[in-house]
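User: Hey, got a minute to walk me through this model? I'd like to start with what counts as a contact.
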Amino acid sequence: MLSVISDMDGVIYRGSRLIDGANDFIDRMINGGVKFLFLTNNSEQTPRDLAQKLAQMGIRGLCEENFITSAMATAMFLRQQKENATAYVIGGGGLISELYNVGFTISHNNPDYVVVGKTRTGLSFETLKTAIDLINAGAKFIGTNPDMVDPTSSGNEPACGVILAAIEAATGKKPYIIGKPNSLMMMMAARKLGVHPEDTVMIGDRMDTDIVGGMEAGMRTCLVLSGVAGRDDLELYPYKPDYVFDSVADIDVVGLRG
């Protein structure tokens with residue numbers, strides 16, 4: 001039986017709307033004894049926020065240990081690089097919270113890192129200018145994830161990649177990105193679950209992050225068509241997922257074989 005690492009946006013929900021069949025999919029994993037972990041490139045929310053969000057949508061019985069976010073992965077990676085470092089952050093509360101949790105200090109005074117995640121309220125001309133000045137002065141440029149858009153119940157909205165692109169254009173420097181498609185985040189998730197990548201399936205809605213990231217980490221991959229990617233997108237990439245389903249409603253996780 002394969003263990004499951006699953007994306008959330010576009011797989012379990014779109015915006016504030018639960019995708020049909022998602023609740024039953026999670027029940028099948030729990031009742032079937034499947035090891036699973038939800039992984040998201042969205043850095044705005046903490047695992048507690050995500051558990052509460054799903055509970056409000058009718059999915060109960062999940063706890064903080066069932067989630068890993070790009071903010072968590074970014075904080076874990078940066079702590080391994082330099083303990084008690086300083087960072088200037090463009091991002092939401094989830095990212096700032098995870099950096100505090102690993103002992104970082106948030107500062108705009110000669111920080112070690114400029115860390116950028118998705119934010120709806122924390123972006124302005126001044127914050128962009130500060131980030132650009134600090135990177136030009138030597139701060140290392142870190143991005144939580146490269147996604148240009150995120151799926152919502154009313155369409156797509158700008159995501160972290162849009163902010164990263166603006167800063168990269170102004171500085172000429174590329175960010176090091178921790179989240180998907182970096183297989184580093186996939187390996188962190190597998191270690192958190194206590195499983196080997198080859199015994200794991202990555203379920204996601206994006207060919208350019210979920211599927212390629214899972215593939216490069218040595219996992220089986222499963223594309224669902226309930227989020228960003230459509231069936232026609234399969235022809236645009238030189239790699240393909242092991243499985244394709246319309247949504248998680250159609251996935252018999254217990255029946256998937258490595």
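Analyst: Sure. Contact here means heavy atoms within 4.5 Å. Keep in mind that this is a predicted model.

User: OK, then what is Ser-247 in contact with, leaving aside its neighbours within four places in sequence?
Analyst: Ile-19, Asp-20, Val-224 and Ser-226 are its partners once those neighbours are set aside.

User: And where is Ser-247 found? Buried or exposed?
Analyst: Ser-247 sits in the segment after strand S15, which covers 243–245. Its relative accessibility is 11%, so Ser-247 counts as buried.

User: Switching to Ala-217. Which loop is that in?
Analyst: The loop between helix H8 (207–216) and strand S14 (220–224). Ala-217 is buried too, because its relative accessible area is 10%, and the cut-off for buried is under 20%.

User: What does Ala-217 touch, not counting residues up to four places away in sequence?
Analyst: Ser-183, Met-186, Met-187 and Pro-197. Also, the C-alpha atoms of Ala-217 and Asn-182 are separated by 8.7 Å, although the two residues are 35 apart along the chain.

User: Let's do helices. How do people describe a packed pair?
Analyst: Two packed helices are described by the angle between their axes and the distance between the axes.

User: So at what angle do H5 and H6 cross?
Analyst: Roughly 50°, with the axes of H5 (residues 125–136) and H6 (residues 160–171) coming within 10 Å. That angle makes H5 oblique to H6. The crossing of H5 and H6 is right-handed.

User: Which residues meet there?
Analyst: From H5 you have Leu-128, Ala-131, Ile-132, Ile-135 and Asn-136, and from H6 Ile-163, Ile-167, Ala-170 and Thr-171. By class, this contact has seven nonpolar residues, two polar ones and no charged ones.

User: How about H3 and H4, at what angle do they cross?
Analyst: H3 (residues 70–81) and H4 (residues 93–101) cross at roughly 30°, and their axes come within 8 Å. Since angles under 35 degrees count as roughly parallel, H3 is roughly parallel to H4. The H3 and H4 crossing is right-handed.

User: Which residues are in that one?
Analyst: Ala-71, Met-72, Ala-75 and Leu-78 of H3 meet Gly-94, Leu-95, Glu-98 and Leu-99 of H4. Sorted by class, the contact has six nonpolar residues, one polar and one charged.

User: New topic, cysteines. How many disulfides are there in the whole structure?
Analyst: Zero, from a search of the whole structure. Cys-63 counts as partly exposed because its relative accessibility is 40%, whereas Cys-222 is buried at 0%.

User: Now backbone oddities. What should I expect in general?
Analyst: Most residues other than glycine have a negative phi, and most peptide bonds are trans.

User: Which peptide bond is cis here?
Analyst: The one from Lys-180 to Pro-181, with omega near 15°. Pro-181 lies in the loop between strand S12 (176–177) and helix H7 (183–193).

User: And what is phi of Asn-84?
Analyst: Near 55°, which is positive even though the residue is not glycine. You'll find Asn-84 in the loop between H3 and strand S6 (86–90), and it counts as exposed, at 58% relative accessibility.

User: Where is Asn-110 found, and what is its phi?
Analyst: Asn-110 is in the loop between strand S7 (105–106) and strand S8 (113–116). Its phi is near 50°, a positive value again in a non-glycine residue. With 62% relative accessibility, Asn-110 counts as exposed.

How values were computed:
Residues numbered from 1 in each chain as written. Predicted model: local features only at pLDDT ≥ 70, side-chain atom pairs only at ≥ 80, totals over all residues. Heavy atoms only, no water. Axes fitted to C-alpha atoms, helices over the stretch in contact; angles between N-to-C directions. Helix = DSSP H or I, 4+ residues; strand = E, 2+ residues; numbered from the N terminus. Parallel < 35°, antiparallel > 145°, perpendicular 65-115°, else oblique. Left-handed = near helix turned anticlockwise from the far one by under 90°. Nonpolar A, V, L, I, M, F, W, Y, C, P; charged D, E, K, R; others polar. Disulfide = S-S within 2.5 Å. Buried < 20%, exposed > 50% of the residue type's maximum accessible area, 1.4 Å probe, protein only.
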